[in-house]
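Reader: Hello! I am new to protein structures and would love a close look at one part of this one. Could you walk me through it slowly?

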Amino acid sequence: MLSAVIRPLRGAVAMLAANDSPRQIAAGVALGAVIGLTPKGNLIAATLLALLLATRVNRSAGLGAAALFSWVGLHADGLTHRIGAYLLTLKDMQPHYAAAYELPLGPWIGFNNTVVLGSLVLGLYIAYPVYLLARMPLDRYQAPVAAWLRRRRVGRWLLGADVTSRVGLPTQVRLPTPWGAGS
């Protein structure tokens, strides 16, 4: 029970105290917002998650933002359905959607679903504002907060440094030998 409470807190502290730049953390938040808004179970969501894991962005920030924006995405389904329905009914785009659906993995892409297409477009539309909104406080507060966390015992404990430094192993361990040699 306690680990369920402490694990997200440790992730947040690790994100702030990491050696990642504010740009990398903000990019992780923006990519996580797109992942969170996009419904899961299609090739678009899998590709976005692979992009999060393969690029040099903060994964903790990305996964945290994906969890938050997944909750937001549930409440935005009406809006994303209207966006997707509008985009799917454009006459000029019909041949492109048909060609994408005819591809070997075409049905798994999800472009035939109004909510998937609308969520992807909405996520891409808000990605840059989310990046800017995440970067502004990080530019100013990440370094002082990280330094403060490293100085405090709770911060070191949440980062795992205090637990590993208090193991108390002796500096020289004498193991018994099976033949009694070296005693």
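To get my bearings, what percentage of the 183 residues of the protein count as buried? After that, please take me to helix α4 and the helix it packs against, α2.

Author: Happy to! Keep in mind that this is a predicted model. Of the 183 residues, 35% count as buried. The protein has 10 helices and zero strands, and its accessible surface comes to about 12100 Å², with 67% of that belonging to carbon and sulfur atoms.

Now to your helix. α4 covers residues 59-75, and α2 covers residues 22-37. Their axes lie 7 Å apart, at an angle of about 35°, and α2 passes α4 in a right-handed crossing. On the α2 side, the residues making the contact include Gly28, Gly32 and Gly36; on the α4 side, they include Gly62, Ala65, Ala66 and Gly73.

Val72 of α4 also takes part in that contact, and it belongs to a nonpolar surface patch with Leu68, Trp71 and Leu74. Together these four have about 430 Å² of accessible area. Leu74 sits in α4 as well, and it counts as exposed because its relative accessibility is 60%, where exposed means over 50%.

For contrast, look at Gln142 in helix α8 (residues 114-151). Gln142 has 7% relative accessibility, so it counts as buried, the cut-off being under 20%. Among the residues that Gln142 touches are Pro22 and Ile25. Ile25 brings us back to α2, as it is one of the residues through which α2 meets α4.

Technical notes
Residues numbered from 1 in each chain as written. Predicted model: local features only at pLDDT ≥ 70, side-chain atom pairs only at ≥ 80, totals over all residues. Heavy atoms only, no water. Patch = residues over 30% accessible without salt bridge, like charges linked within 9 Å, V, L, I, M, F, W, Y side chains within 5 Å. Areas by Shrake-Rupley, 256 points an atom, 1.4 Å probe, with all protein chains shown as cover. Salt bridge = Lys/Arg side-chain N within 4 Å of Asp/Glu carboxyl O. Helix = DSSP H or I, 4+ residues; strand = E, 2+ residues; numbered from the N terminus. Buried < 20%, exposed > 50% of the residue type's maximum accessible area, 1.4 Å probe, protein only. Axes fitted to C-alpha atoms, helices over the stretch in contact; angles between N-to-C directions. Left-handed = near helix turned anticlockwise from the far one by under 90°. Contact = heavy atoms within 4.5 Å. Lists of a residue's contacts leave out its neighbours within four places in sequence.
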